[in-house]
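This report goes through one protein model, from its overall make-up to its charged pairs and one surface patch. The sequence and structure are shown here.

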Amino acid sequence: GVPMNGRARLLRNIDFSACAVLLAALIATVAVVRTVWFSNFVRDKIVSATEESTGGRVEIGAFDFDVWQARAVMRDFVIHGTEPPQVTPFVRVARLQVDLRLFASFHRLLDIAYLRIDKPAVNIIGFVDGTTNIPNPKHKPESKQTALESVVDLAVGRFELNDGLIALNSMQQKVNLRANNLRAQLYYSTLGQGYQGQLSLDPVYVVSGRSTPVNFRLTLPVVLHRDRVDLQDATITTPTSTVRITGAVKD
């Protein structure tokens, strides 16, 4: 038989092991519950913030949140405007990734370290009465900040947009525009308090009425400041010509 001291030690070890297993299971359960809860919290915040700021109705096909990497990934992200049912929505994004940076500074508890948008499709419809399907924000912001200042203040560390599509169909002016392969890469400069990068569209197809359709390529190296947008050697290229533009748009 097992001596009393050995038996007591064995029982004690079994008790410790059982307690350790129960504690590990409890911690794992709490972690899972907190992760699921926080994931739903982040998803709801993204939906409500987007609906408030755009005035559209938001749908998300799939949502994943990695609490340890602070990364949210959304698939089939849709913003419905005022277009009729069964019509292509105002905005549809195949995949949207947001990497958050917590406690970035004493003044900002949360920053967006990386924002990636894959295959966004924007569909703008101009109706006969002159209105469009572009939704209006539910509440006008009380801040006196301009839209450009608001964008710059987001301080997104790196922004990428890949394989975008813009479609404009005006029933009033009989203009159709379709721009494929929209790409953008912008990097935030803490020193300059702005963004620098490039946007491109290739090709851009425009037809107005019975006029001959025009195809061209648009490349925009840009710098976004709080009060202006600088264009640095931007180009508009057709099969027979190239136009270069350098300038700035203020306020």
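The sections below cover the fold, the salt bridges, one buried acidic residue and a nonpolar patch.

## Overall make-up

The model is predicted. The protein has 2 helices and 10 strands, and along the sequence these follow the pattern α-β-β-β-β-α-β-β-β-β-β-β.

Of the 251 residues, 29% are buried. The accessible surface amounts to about 16,500 Å², and carbon and sulfur atoms contribute 60% of that area. Among contacts with a separation of 6 or more, 44% are between residues 24 or more positions apart.

## Salt bridges between strands

The protein has 11 salt bridges. One of them pairs Asp 99 with Arg 71, with 2.8 Å between the closest N and O atoms. Asp 99 belongs to strand 3 (residues 91–102) and Arg 71 to strand 2 (residues 71–80), so this salt bridge ties together parts that are 28 residues apart in sequence. Asp 99 is buried, at a relative accessible area of 11%, whereas Arg 71 is partly exposed at 30%.

Asp 233 and Arg 244 form another salt bridge, and here the closest N and O atoms are 3.7 Å apart. Since Asp 233 is in strand 9 (residues 228–237) and Arg 244 is in strand 10 (residues 242–250), the pair ties together parts that are 11 residues apart in sequence. Asp 233 is partly exposed, with a relative accessible area of 41%; Arg 244 is exposed, with a value of 57%.

## Other charged groups

Arg 57 forms a salt bridge with Glu 59, and the closest N and O atoms lie 2.8 Å apart. Both partners are partly exposed: Arg 57 has a relative accessible area of 44% and Glu 59 has one of 38%.

Salt bridges also link Arg 95, Arg 116 and Asp 118 in a network.

## A buried glutamate without a salt bridge

Glu 83 is located in the loop between strand 2 and strand 3. Which side chain of opposite charge is nearest to this buried residue? The answer is Arg 57, at 6.9 Å, and Glu 83 has no salt bridge. A salt bridge requires a side-chain nitrogen of Lys or Arg within 4 Å of a carboxyl oxygen of Asp or Glu.

The Glu 83 side chain does have polar partners. It reaches the backbone nitrogen of Gly 81 at 3.0 Å, and it makes a polar contact, also listed at 3.0 Å, with the side chain of Asn 133. Leaving aside residues up to four places away in sequence, Glu 83 touches Thr 88, Pro 89, Phe 90, Ile 125, Phe 127 and Asn 133. Asn 133 thus appears both as a polar partner of the Glu 83 side chain and in this set of touching residues.

## A nonpolar surface patch

Which residues form a nonpolar patch on the surface? They are Trp 37, Phe 38 and Phe 41, and together they have about 320 Å² of accessible area.

Phe 38 is part of helix 1 (residues 4–54). This residue is partly exposed, with a relative accessible area of 31%. Patch members must have over 30% relative accessible area and no salt bridge, so Phe 38, at 31%, is above that area cut-off.

Key
Residues numbered from 1 in each chain as written. Predicted model: local features only at pLDDT ≥ 70, side-chain atom pairs only at ≥ 80, totals over all residues. Heavy atoms only, no water. Patch = residues over 30% accessible without salt bridge, like charges linked within 9 Å, V, L, I, M, F, W, Y side chains within 5 Å. Areas by Shrake-Rupley, 256 points an atom, 1.4 Å probe, with all protein chains shown as cover. Helix = DSSP H or I, 4+ residues; strand = E, 2+ residues; numbered from the N terminus. Buried < 20%, exposed > 50% of the residue type's maximum accessible area, 1.4 Å probe, protein only. Lys, Arg positive; Asp, Glu negative; His and termini not counted. Polar contact = N/O pair within 3.5 Å; in protein donor to acceptor, adjacent residues only side chain to side chain. Contact = heavy atoms within 4.5 Å.
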